[in-house]
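I opened the model to look up how a few of its pieces pack and pair. My notes follow in the order I took them.

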Amino acid sequence: MSIMKVLIDVGHPADVHFFKNTARNLINDGHDVKITARCKDVVLNLLEAYNFEYENVGGYGKTMLDKVYEYNKKSYKLYKIIKKYKPDVLTGFANPFVAQLGRLVKIPTIVFTDTEHAKLANILTFRFADVICTPGSYSGRVPSQKHVTFDGYKELAYLHPNYFKPDPAILDRLNIAKDDRFVVLRFVSWKASHDIGQHGFINKEEFITKLKDHGRLLIASEHELSKNLEKYRISVPPEKIHDLLYYTMMYIGEGATMASEAAVLGTPAIYVNTLRLGYLDEQEEKYGLVYNFSDPKTAQEQAFRKAVELLEDKNLRRKWRKKREKLLKEKINVTAWMTEFIENYPIK
């Protein structure tokens, strides 16, 4: 195995989680790894929490004109870094920057994705990337000559038991007793390009009012909450949210990634969103770990009924941990697969 220079570009908090263990593996194997990052949400906080060095290539604009300006600015800054660093391979998650710049400077690019409806990102990425890696459950169209599948989920790159050990200290931080029954809810901002025209809960206050009698509620929200809901908001360091997901009785929310994270941790997940995704469909149909509710007229009421039904089950946690065992037996260690794939690319 020859020593490589690998550039990993991260633009979303989930990207940091996804690549962190692969980056460490590559470094431990003697490779040179450079991380570039865009200032979005808690991306930089996570990189610092995990003790990664990185170069900040910029942020995101609010208006469309600002977004175009920032896109070009980030592309140019990343271009200069690539020209100076001279990596052997570029990689990112649903990342048009590395795909387009890789084609421009003739450096191989490996791009990962799992979101069928991220149409703009896919259009800007697929044409230029050398390899597009997706879970086997991915149902979108990918150029067949570039498509490589793996039998796992993005979330298993960082929540596989080989890499993730839940820390109960999160319960003390939030003043939660070991026997407390609590539910984690997440509301998204709906600002992502693939969220346009989609929605989740029709009336959050009504849902919370009905659910609050069935357990303690903890809300993680990307946007402002009403005065009535603000009292349920929690503040958790971004690198600790998965500990909370492991110990909660249930996850209910509009966020797909967190629903899948809950599933692979053996926590019941209820996903309320008009956007359907291949990996969540598989986690419902094959493993029974997730419930997807996407009909805009009935999703909220169906989600409430299912939540109450599950919370009344005294054996809920034991049943879901058993379902998780089945998933882990059938799915691969995604980090190990990613590390080997990158180290052996291009395949001889």
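Before I started, I fixed one term: a crossing is left-handed if the near helix is turned anticlockwise from the far one by less than a right angle, and right-handed if clockwise. I also noted that this is a predicted model.

**Entry: helix 1 and helix 15**

I applied that term to helix 1 and helix 15, and their crossing is right-handed. Helix 1 covers residues 13–28 and helix 15 covers residues 334–343; their axes come within 9 Å and cross at roughly 55 degrees. Angles under 35 degrees count as roughly parallel and 65 to 115 as roughly perpendicular. The crossing angle therefore makes helix 1 oblique to helix 15.

Next I listed the residues that meet. Helix 1 brings Phe18, Phe19, Asn21, Thr22, Asn25 and Leu26. Helix 15 brings Val334, Thr335, Met338, Thr339, Ile342 and Glu343. I sorted the residues of this contact into 6 nonpolar, 5 polar and 1 charged.

**Entry: Thr22**

I picked out Thr22, which lies in helix 1. Is Thr22 buried or exposed? Its relative accessibility is 0%, so Thr22 counts as buried. I then left aside its neighbours within four places in sequence and asked which residues Thr22 is in contact with. I found Thr335, Met338, Thr339 and Ile342.

**Entry: strand 1 and strand 2**

I turned to strand 1, residues 5–10. How many of its 6 residues are buried? I got 5, so strand 1 is largely enclosed by the rest of the structure. Strand 1 runs parallel to strand 2 (residues 32–38), and 6 bridges join the two. I looked up one partner: Asp9 is bridged to Thr36 in strand 2.

**Entry: the 5-stranded sheet**

I traced an open sheet of 5 strands, with parallel pairing and the order 9-8-10-11-12. Which strands are at the edges? They are strand 9 (216–221) and strand 12 (290–293), each pairing on one side only. I noted a twist that averages 15 degrees from one strand to the next.

I took one pair from this sheet. Strand 11 (residues 269–272) and strand 12 run parallel and are joined by 4 bridges. Tyr271 stands opposite Asn292 in strand 12.

Then I checked helix 8, residues 204–211. Helix 8 lies across strand 8 (182–187), strand 9 and strand 10 (250–253). I read its angle to strand 8 as about 175 degrees. Angles over 145 degrees count as roughly antiparallel, so helix 8 runs roughly antiparallel to strand 8.

**Entry: helix 11 and helix 12**

I went on to helix 11 (residues 256–264), which packs with helix 12 at an angle of about 35 degrees. Their axes are 10 Å apart. The crossing is left-handed.

Which residues make the contact? From helix 11 I listed Ala256, Thr257, Ala259, Ser260, Ala263 and Val264. From helix 12 I listed Tyr279, Leu280 and Gln283. The residues of this contact divide into 6 nonpolar, 3 polar and no charged.

**Entry: Thr274**

Last, I looked up where Thr274 lies, and found it in the loop between strand 11 and helix 12 (278–285). Thr274 has a relative accessible area of 21% and is partly exposed. Buried means under 20%, so Thr274 falls outside that class. I also checked Thr274 against Phe52, which is 222 residues apart from it along the chain. Their C-alpha atoms are separated by 36 Å.

Notes. Residues numbered from 1 in each chain as written. Predicted model: local features only at pLDDT ≥ 70, side-chain atom pairs only at ≥ 80, totals over all residues. Heavy atoms only, no water. Pairing = 2+ DSSP bridges. Axes fitted to C-alpha atoms, helices over the stretch in contact; angles between N-to-C directions. Contact = heavy atoms within 4.5 Å. Nonpolar A, V, L, I, M, F, W, Y, C, P; charged D, E, K, R; others polar. Buried < 20%, exposed > 50% of the residue type's maximum accessible area, 1.4 Å probe, protein only.
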